[in-house]
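Trainee: I am new to this structure. Please take me closely through one part of it, the empty spaces and the strands and core around them.

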Amino acid sequence: MNAAPRPLSRGDASRYATRVTLLGTSGGPPWWDGSDRVGISTLLTVNGSQYLIDCGEGWGPSYRRSGESTPGFEHGIDTIKAVFITHHHSDHTVDYPNLLLLAWHNGSKGLKQPITILGPGDRSVLPPIFGERDHEPEVWNPDKPTPGLADSTDMLLKAYATDINDRMRDNAKQDLREILEVRDIELPEGTGKDPNGDPTPAMEPFEVYRDENVRVTAILVDHRPIFPAFAFRFDTADGSVVISGDTGVCDNLVTLAQGADLLLHECIDLEWVDSLMGPDSPKPDPYLRQHMLAAHTSTEQVGSQAEKAGVSTLCLTHLVPGNTPVEKWERGREGFSGEFFVGEDLMQFGIGVPGK
Ligand SMILES: [Zn+2]
């Protein structure tokens with residue numbers, strides 16, 4: 001059995017064939033005063049190939065700083081094999097165009113094959129309107145109001161047509177289809193698709209990707225009204241890593257994370273929520289408070305989730321708000337008997353045995 005993963009110094013991390021780098025640890029979308037954390041993004045490196053999970057604000061420069069990208073003008077993303085988007089919230093995707101458009105200028109020539117990019121498909125139905133309103137909000141882009149990853153990528157590239165045509169004609173850049181292969185994650189046959197009813201039917205994890213380094217499975221998690229919202233599990237020869245995505249307390253996450261070496265779990269500061277809308281706040285709103293807490297996991301809840309899953313190490317990431325002091329996040333260890341850490345940008349974990 002593997003030793004429980006612990007944070008490593010930069011030099012030590014490179015001794016592990018399989019390692020995890022937290023590129024960004026903040027949940028958004030606000031820019032949090034006094035926080036140095038950049039937007040949520042995580043990198044898994046296995047035998048020199050890389051897998052990027054979510055593209056929060058600032059992931060690119062953070063990837064460069066991490067030492068995990070090959071230095072030099074011609075390099076960078078040429079070691080990235082696949083990208084996984086957990087859900088279509090802007091704090092997870094706002095620097096996705098950065099990957100699509102800057103790839104040319106940061107190593108795409110060195111790619112041996114297109115980067116596989118996988119993410120949730122079309123929600124297919126609008127979410128209900130929350131709270132009391134004077135009038136129904138206008139539907140944005142009514143022809144396709146809840147696009148999945150493939151459609152939204154297509155629309156993003158159309159929006160950047162001026163740049164793309166310029167680079168292809170003036171700088172002889174490659175056809176983007178040679179470097180990007182974007183697909184929606186299809187739910188397995190028989191999974192009840194009920195975005196506005198039960199977004200997380202009990203289910204088994206299902207495979208979404210596999211290569212010589214890693215098998216990736218996904219499961220639906222509870223980030224209502226966002227649907228589909230996925231957590232991902234990465235199984236390698238050295239051990240396993242689970243990324244919760246954004247989720248409230250959810251049995252599917254426990255199913256997916258069973259026995260993993262490292263669980264990276266989102267977290268929300270309940271005191272902060274209460275300062276905004278709790279019973280003693282200037283604007284108490286029990287309904288909105290409940291709505292928010294249904295979609296996220298608090299420091300009071302996260303430890304018992306990790307305990308139920310029996311993971312070796314729990315590390316908090318996607319911290320909301322990003323400027324809550326670390327001492328408060330430390331409460332997340334309550335109810336968990338394994339190793340516990342509060343994530344920091346560029347923190348690294350080795351999986352398995354070093355020097356293999
Ligand atoms: Zn979210």
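Mentor: What follows goes from the enclosed space to the strands, the core and then the pockets.

This is a predicted model, in which local features need pLDDT of at least 70, side-chain atom pairs count only at pLDDT 80 or more, and totals for chains, interfaces and linings use all residues. Residues are numbered from 1 along each chain as its sequence is written, and side-chain values use heavy atoms, with hydrogens and water left out.

Start with the cavity. The search runs on a 1 Å grid over the protein atoms alone; a cavity is a set of points where a 1.4 Å probe fits but cannot get out. Lining residues have an atom within 4 Å of a point. Grid points are joined across faces, edges and corners, and a volume is the space filled by probe spheres set on the points. Over the whole structure, one cavity of 30 Å³ or more turns up. The largest cavity holds about 80 Å³ of space. Its lining has 14 residues, and Ile40, Asp54, Ile243, Gly245 and Thr317 are the closest to its centre. Two elements give two or more residues each to this lining: strand S12 (262-268) and strand S13 (313-320). Strands here are DSSP runs of E, at least two residues long, and helices are runs of H or I, at least four, numbered from the N terminus. S12 has the largest share of the cavity lining, with three residues. By class, the lining has four nonpolar, seven polar and three charged residues. For these classes, Ala, Val, Leu, Ile, Met, Phe, Trp, Tyr, Cys and Pro count as nonpolar, Asp, Glu, Lys and Arg as charged, and the others, Gly among them, as polar.

Now look at those two strands. Two strands pair if DSSP finds at least two bridges between them. S12 and S13 pair in the parallel sense, over seven bridges. One bridge sets Cys267 against Leu319 in S13. S13 also pairs with strand S14 (residues 339-342), again parallel, over four bridges. There, Cys315 stands opposite Phe341 in S14. S13 is mostly covered, with eight of its eight residues buried. Buried means under 20% relative accessible area, with a 1.4 Å probe and protein chains only.

Next comes an open sheet. Its eight strands have the order S1-S15-S2-S3-S4-S5-S6-S7, with mixed pairing. Strand S1 (7-8) and strand S7 (180-185) are the edges, each pairing on one side only. Inside this order, strand S2 (residues 18-24) runs antiparallel to strand S3, joined by six bridges. Leu22 stands opposite Thr42 in S3. S2 also pairs antiparallel with strand S15 (residues 348-351), over four bridges. Thr21 has Gln348 in S15 as its bridge partner.

S3 (residues 41-46) has six of its six residues buried. Ser41, Leu43 and Thr45 point one way, while Thr42, Leu44 and Val46 point the other way. S3 and strand S4 (residues 49-53) pair antiparallel over five bridges. Leu43 has Leu52 in S4 as its bridge partner. S3 and S4 form a hairpin with two residues between them, and Asn47 in the turn has a positive phi of about 50°.

Then the core. A nonpolar core is a set of buried Ala, Val, Leu, Ile, Met, Phe, Trp, Tyr and Cys residues joined through side-chain atoms within 4.5 Å. The largest has 56 residues, of which Val20, Phe84, Val208, Tyr209, Phe232 and Phe234 touch the most other members. Contact means heavy atoms within 4.5 Å. Beyond its neighbours within four places in sequence, Val20 has contacts that include Leu43, Leu44, Leu264 and Phe349. A second, separate core has 24 residues, among them Leu52, Trp59, Val83 and Ile117.

Last, the pockets. A pocket is an open set of points with protein on both sides within 12 Å along at least five of seven lines. The largest pocket holds about 1,300 Å³ of space. It is lined by 43 residues, with Arg123, Leu126, Pro127, Thr146 and Ile226 the closest to its centre. Helix H5 (149-159) is one of the elements that give two or more residues to this lining. H5 has the largest share, five residues. The second largest pocket has a volume of about 380 Å³. S13 returns here: H3, H9 and S13 each supply at least two residues of the lining.

Note on methods. Buried < 20%, exposed > 50% of the residue type's maximum accessible area, 1.4 Å probe, protein only.
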